[in-house]
Amino acid sequence: MIGAVALQDLLPDEASRLVVGLLRLAMTPRAGRYWSECQEALCSLRGIGADDEAAQVRFARDLDAFAIDLARRQPAPPADRAQAVEIVRQVITFIGPDRLIAAHPAYAQGNWLGKVLHAAILHLTASAADASDWAAALDAYEGVHAVPLMTIHKSKGLEYHTVIFVGLDDDAWRRSFIEDQIEATAGFFVAFTRAKQRVLFTYCARRGPRIAIDSFYQLLLGCGVKMLSVA
């Protein structure tokens, strides 16, 4: 938990991702990819259509000016929580909290946006503690060199080079599979498609059988997935 928010909820959260995206844009020497991603996301929040070239140009100037100014004012990662608070405040002010709430009504329920931003501040402070520069701090924030552990539901919308699917057995799947086989199969493929390059499935006989979900195994074997036994 980071404050009141689980880390697996924080990383894919829209506000958290926008904060990191804008910081990447401001602090990365060659930030073409981040510029495009930020412009697309923020234009959507502002209701600027792709065919409104004049508005797109005006916003591009505002985005450039904000990134340059942020880099000038915050050349190094936050040294303490107070600095992290100020950095996140500047970024969210530029994004527009009202725009976030309008686009994602869940942020208004129980002050969820406030909880997410508080968690982002805590996580940014911790990530910057041993970081030599902004790149290292933001890599730590996003877990670039870590192995994220999350549920299938929380993995939706994310992508990784490799996904390790832990526990493909009846114990983990029987109830959901019996209640709604179609929904369970859809959930299985949500996790399956998070991988860019490869997926590893694990099964341990000590956990129990894999009879109820045999259809999963038949799908995998039918696609040529290899089975390896590890002592």
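Is Asn111 buried or exposed? I shall answer that shortly, after a word on the chain as a whole. Please keep in mind that what we are looking at is a predicted model.

To the question, then. Asn111 has a relative accessible area of 51%, and because the cut-off for exposed is over 50%, Asn111 counts as exposed. Asn111 is placed in the loop that joins helix H6, residues 97–103, to H7. Its backbone also deserves a remark: the phi of Asn111 is positive, at about 55°, although the residue is not a glycine. As a general matter, most residues other than glycine have a negative phi.

Let me now turn to the overall architecture. The chain contains 12 helices and two strands. In sequence order the elements follow the pattern α-α-α-α-α-α-α-α-α-β-α-α-β-α. The C-alpha trace spans about 60 × 45 × 35 Å along its principal axes. The chain has 231 residues, of which 38% count as buried. As for contacts with a separation of 6 or more, 70% are accounted for by residues 24 or more positions apart.

The next topic is helix packing, and I have three pairs to present.

The first pair is H2, residues 14–27, with H8, residues 134–142; their axes come within 10 Å and cross at roughly 160°. Because angles over 145 degrees count as roughly antiparallel, H2 is roughly antiparallel to H8. The crossing of these two helices, H2 and H8, is left-handed. On the H2 side the contact involves Ser16, Val20, Leu23, Arg24 and Met27, and these meet Trp134, Ala135, Leu138, Asp139, Tyr141 and Glu142 of H8. By class, the residues in the contact of H2 with H8 are seven nonpolar, one polar and three charged.

The second pair is H7 with H8. Here the axes come within 8 Å, with a crossing angle of roughly 125°. H7 and H8 are therefore oblique to each other, and their crossing is right-handed. H7 contributes Ala120, His123, Leu124, Ser127 and Ala128 to the contact, while H8 contributes Trp134, Ala137, Ala140 and Tyr141. The contact of H7 with H8 has seven nonpolar residues, two polar ones and no charged ones. Trp134 and Tyr141 of H8 appear in this contact, and Trp134 and Tyr141 also appear in the contact with H2.

The third pair is H5, residues 81–95, with H7, residues 112–128. The axes of H5 and H7 come within 9 Å and cross at roughly 130°, which makes H5 oblique to H7. H5 passes H7 in a right-handed crossing. From H5, the residues Arg81, Ala84, Val85, Ile87, Val88 and Ile92 meet Leu117, Ile121, Leu122, Leu124 and Thr125 of H7. The classes in the contact of H5 with H7 are nine nonpolar, one polar and one charged.

I come now to the interior. Which residues touch the most other members of the largest nonpolar core? In this core of 45 residues, they are Leu22, Leu23, Leu42, Ile95 and Leu100. Two or more residues each are given to the core by H2, helix H3 (32–46), helix H4 (53–73), H5, H7 and H8. H2 supplies the largest share, nine residues. Leu42 offers a closer view: leaving aside residues up to four places away in sequence, Leu42 touches Leu18, Leu22, Phe59, Leu63, Phe94 and Ile95. Apart from this core lies another, of 11 residues, with Phe165, Ala184, Phe188 and Leu220 among them. In soluble globular proteins, nonpolar side chains tend to be buried together.

Finally, two individual residues. Gly21 is located in helix H2, and at 15% relative accessibility Gly21 counts as buried, because the limit for that class is under 20%. Leaving out residues up to four places away in sequence, Gly21 touches Tyr34 and Cys38. Gly21 and Cys38 are 17 residues apart in sequence, and their C-alpha atoms are 6.4 Å apart in space.

Gln39 belongs to helix H3. With a relative accessibility of 14%, Gln39 also counts as buried. With residues up to four places away in sequence again left out, Gln39 touches Gln56, Phe59, Ala60 and Leu63. Two of these, Phe59 and Leu63, are also among the residues that Leu42 touches.

Thank you for your attention.

Technical notes:
Residues numbered from 1 in each chain as written. Predicted model: local features only at pLDDT ≥ 70, side-chain atom pairs only at ≥ 80, totals over all residues. Heavy atoms only, no water. Axes fitted to C-alpha atoms, helices over the stretch in contact; angles between N-to-C directions. Helix = DSSP H or I, 4+ residues; strand = E, 2+ residues; numbered from the N terminus. Parallel < 35°, antiparallel > 145°, perpendicular 65-115°, else oblique. Left-handed = near helix turned anticlockwise from the far one by under 90°. Contact = heavy atoms within 4.5 Å. Nonpolar A, V, L, I, M, F, W, Y, C, P; charged D, E, K, R; others polar. Core = buried A, V, L, I, M, F, W, Y, C linked by side-chain atoms within 4.5 Å. Buried < 20%, exposed > 50% of the residue type's maximum accessible area, 1.4 Å probe, protein only.
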